[in-house]
Amino acid sequence: MESIDVRVLRTARDWHAAGHRLLLVTVVKTWGSSPRPVGSMMALREDGRCVGSVSGGCIEDDLVHRYTRAYGGAGDIGQATPAVVRYGVTADEAHRFGLPCGGTLELLLEFQPDFTALDELVRQLESGRLMQRTVDCASGAVTLQPTSIPEALRFDGASLSCTLGPQYRMLLIGAGALAEYVATMALFNDFAVTVCDPRIEHRGTWTVAGVALSTEMPDDAVRTLNPDPRTCIIALSHDPKLDDLALLAALHSPAFYVGAIGSRRNTASRRRRFIEHFDETEDSLRHLHAPVGLYIGSKTPAEIAVSVMAEILAVKNGVKPGLKLEASSHHALNAWARPSR
C-alpha cells in the first residue's frame, strides 16, 4: 500500500495530464467532532469520479452534485481562484451531511490546480522526500519547498501550508505470528512495513504480501532504515539477542515510537540490563514503550495486534495512550510471540 496523500495527488496529476478538469479539496479546519482530520484530501473529476475523502461520504456527495456532471450538472470546475466552504454550521446542516453532533469542517477548494506544481510534488513524494506545499488563496499559486520536519497544517484564510511526505514506516523485529497480524493492520493504516529476522527458519514461513523482508541483524536493519519522525520500531521476536540489538539502535533515533513485547518481569529485566551494561538511563528509556499495547483484554495474536496498533496510532496522533496491557494478557502474548514453524 501507499500513502493516501500520494494516491490522491498522483490520481489528480494523471487526470490533469489526460485533459480532465478537476477539483482538489483539503480539510483546513475542524470544530468539534469531525469524520476526517485536518489535512485530509480528495480529488474530484468533472464526471463525478473521486479519490480520497473529506468526510464520511455525504459531503463528498454534495461536492459531486455541485461541481460535476454526474447528476446532470454543468461540471463547473472552472473557477480561477480557490474557494473556502464550510459544512455543519447549523444543526440541520450537520444532520443533513451526517456530521457528528457539533461537528463543523472547513474545506479549501482548488479548481484545476497547476499541473507543473502537481507533477513536481508527486515526483518528490515518490522519491521519498518530505515536502511543504503552500497555496496562495488569492491567486491559487502553489510553492513547494523540501523540509526535514513534519509540521502541522496551517491555514489563516490567506494561505494554506501543509507538509506532505512519504508513508509512515514500521520496522518489526521477528517474523512471527504476532508480527503478521501487526503488519497486516499497519498496511491498512498506510504504513510501509519492513520485517527483520535473520533466522531463516522463522522468516521462511512469512505470508503477508506487501512487506519488505530483511535478513540483516536487527541493529543493522535499524541503521539501514535510517529512522525519522515518521518511523516506528517494534521488537517482537521474543529473543533478547535480537530484540535488544534493535532497541539499543532505535532508542536514540528520531523514531516516534519504539516498543517491545514481553511480560512486566521481562521488561524490568531488560531495563536493568540496558542501564547496567549498555549505559542507558532512566531518561533514555523513557521513550521505550514496553510492554507494548493497550489493555483491551486481548488473548490471541490478532487481538494483541489490535492493542499494539492502537497504541502506535495513539502516539502517532498525539494522544496519550490509555491503560497498558495487563500481565495476564502478556502471558498470552509471550506464548503467541514465538514464530510458528
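In which helix is D5 found? In this predicted model, D5 is found in helix 1, which spans residues 4–17. The chain around it has 341 residues, of which 49% count as buried. Its secondary structure comprises eleven helices and 15 strands. Among the contacts with a separation of 6 or more, 63% are between residues 24 or more positions apart.

D5 itself gives an example of a link between distant parts of the sequence. Leaving aside residues up to four places away in sequence, D5 touches G39, M41 and L164. L164 is 159 residues from D5 in sequence, yet the C-alpha atoms of the two are 7.4 Å apart in space. A second example involves D119, a residue of helix 4, which covers residues 115–126. D119 and R10 are 109 residues apart in sequence, and 7.9 Å separates them in space, C-alpha to C-alpha. Is D119 buried or exposed? D119 is buried, because its relative accessible area is 14%, and the cut-off for a buried residue is under 20%.

D5 also leads to the largest pocket. The space in this pocket is about 1,000 Å³. It is lined by 31 residues, and those closest to its centre are D5, P37, V38, Y168 and K316. Helix 1, strand 9 (159–164) and helix 10 are the elements that give two or more residues to the lining. By type, the lining consists of 16 nonpolar, nine polar and six charged residues.

Strand 9 belongs to a sheet as well. Strands of a sheet pair through backbone hydrogen bonds, either parallel or antiparallel. Here four strands form an open sheet in the order 7-6-9-8, and the pairing is antiparallel. Strand 7 and strand 8 (154–155) are the edge strands, each of which pairs on one side only. At one edge, strand 8 is joined to strand 9 by two bridges, and F155 has L160 in strand 9 as its bridge partner. At the other edge, strand 6 (residues 131–136) and strand 7 (residues 142–146) run antiparallel and are joined by five bridges. T134 has T143 in strand 7 as its bridge partner. Strands 6 and 7 form a hairpin, with five residues between them. In the turn of this hairpin, G140 has a positive phi of about 85 degrees.

Next comes the interior. The largest nonpolar core has 27 residues, and the members that touch the most others are M170, L172, F191, V193, I234 and I312. Five elements each supply at least two residues of this core: strand 10 (168–173), helix 5 (177–188), strand 11 (191–196), strand 13 (231–235) and helix 10 (301–316). Which of these elements gives the most to the core? Helix 5 does, with six residues. Helix 10 thus appears both here and in the lining of the largest pocket. M170 shows how the parts of the core come together. Not counting residues up to four places away in sequence, M170 touches V182, A186, F191, A192, V193, T194, C232, I234, M309 and I312. Apart from this core lies another, of 20 residues, which includes L225, L247, A250 and A255.

A few places in the backbone remain. Most residues other than glycine have a negative phi, and most peptide bonds are trans. D190 has a positive phi, near 70 degrees, although it is not a glycine. D190 lies in the loop between helix 5 and strand 11, two elements that supply residues to the largest core. N226 is another such residue, with a positive phi near 55 degrees. Its place is in the loop between helix 7 (218–225) and strand 13. N226 is exposed, because its relative accessible area is 56% and the cut-off for exposed is over 50%. Finally, the peptide bond from A290 to P291 is cis, and its omega is near -5 degrees. P291 is found in the loop between strand 15 (288–289) and helix 10.

Technical notes: Residues numbered from 1 in each chain as written. Predicted model: local features only at pLDDT ≥ 70, side-chain atom pairs only at ≥ 80, totals over all residues. Heavy atoms only, no water. Pairing = 2+ DSSP bridges. Core = buried A, V, L, I, M, F, W, Y, C linked by side-chain atoms within 4.5 Å. Buried < 20%, exposed > 50% of the residue type's maximum accessible area, 1.4 Å probe, protein only. Contact = heavy atoms within 4.5 Å. 1 Å grid on protein atoms, 1.4 Å probe; cavity = no way out; pocket = protein on both sides within 12 Å on 5 of 7 lines; lining within 4 Å. Points joined across faces, edges and corners; volume = space filled by probe spheres on them. Nonpolar A, V, L, I, M, F, W, Y, C, P; charged D, E, K, R; others polar.
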